[in-house]
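Visitor: Would you kindly guide me through the structure shown here?

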Amino acid sequence: MSFEHRSTDDLIRIAAAGGGFTLSSTHRETTDLIRIAAAASAKGSRVTFTGLSHRDTDDLVQISSAGQGCVVLEG
C-alpha cells in the first residue's frame with residue numbers, strides 16, 4: 001500500500017495509532033517528517049522514510065531524534 005498520497009496529518013494519526021509504514025520522503029518537508037517521526041515514537045510505531053539521500057545531515061539528525069529509535073532512514 002502506498003502512503004505517499006496521504007496528508008501529513010493522516011500519517012501522524014496512523015503512526016500515533018500504532019501503525020507502521022514506509023514513506024517516500026522526496027516531496028515532504030523536513031518539518032513534516034519530524035512530526036511523523038515524533039508521533040511514531042510516542043506509540044513505538046516503526047516508520048521507514050526513503051529517498052533521503054538529498055537531505056542535509058542536520059535534517060537527518062532532527063528526524064532521527066524525533067523518532068527515538070522508531071524511524072529507519074533510507075537513501
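**Core and sheet**

Guide: The largest nonpolar core (buried Ala, Val, Leu, Ile, Met, Phe, Trp, Tyr and Cys residues joined through side-chain atoms within 4.5 Å; buried means under 20% relative accessible area with a 1.4 Å probe, protein chains only) holds 18 residues, and Phe21, Leu23, Ile36, Val47 and Phe49 have the most contacts inside it. This is a predicted model, in which local features need pLDDT of at least 70 and side-chain atom pairs count only at pLDDT 80 or more, while totals for chains, interfaces and linings use all residues. Residues are numbered from 1 along each chain as its sequence is written, and side-chain values use heavy atoms, leaving out hydrogens and water.

Visitor: Which element supplies the largest share of this core?

Guide: Helices (H or I, at least four residues) and strands (E, at least two) are DSSP runs, numbered from the N terminus. Helix 1 (8-16), strand 1 (21-24), helix 2 (30-43), strand 2 (47-50) and helix 3 (57-67) each supply at least two core residues. The largest share, five residues, comes from helix 2.

Visitor: In what order do the three strands form the open sheet?

Guide: Two strands pair if DSSP finds at least two bridges between them. Four bridges join strand 1 to strand 2, and the edge strands, each pairing on one side only, are strand 1 and strand 3 (71-73). The pairing is parallel, and the order is 1-2-3.

Visitor: Which residue in strand 2 does Phe21 stand opposite?

Guide: Strand 1 and strand 2 run parallel. Ile36 touches both Phe21 and Val47, among others (heavy atoms within 4.5 Å), not counting residues up to four places away in sequence. The residue opposite Phe21 is Val47.

Key
Buried < 20%, exposed > 50% of the residue type's maximum accessible area, 1.4 Å probe, protein only.
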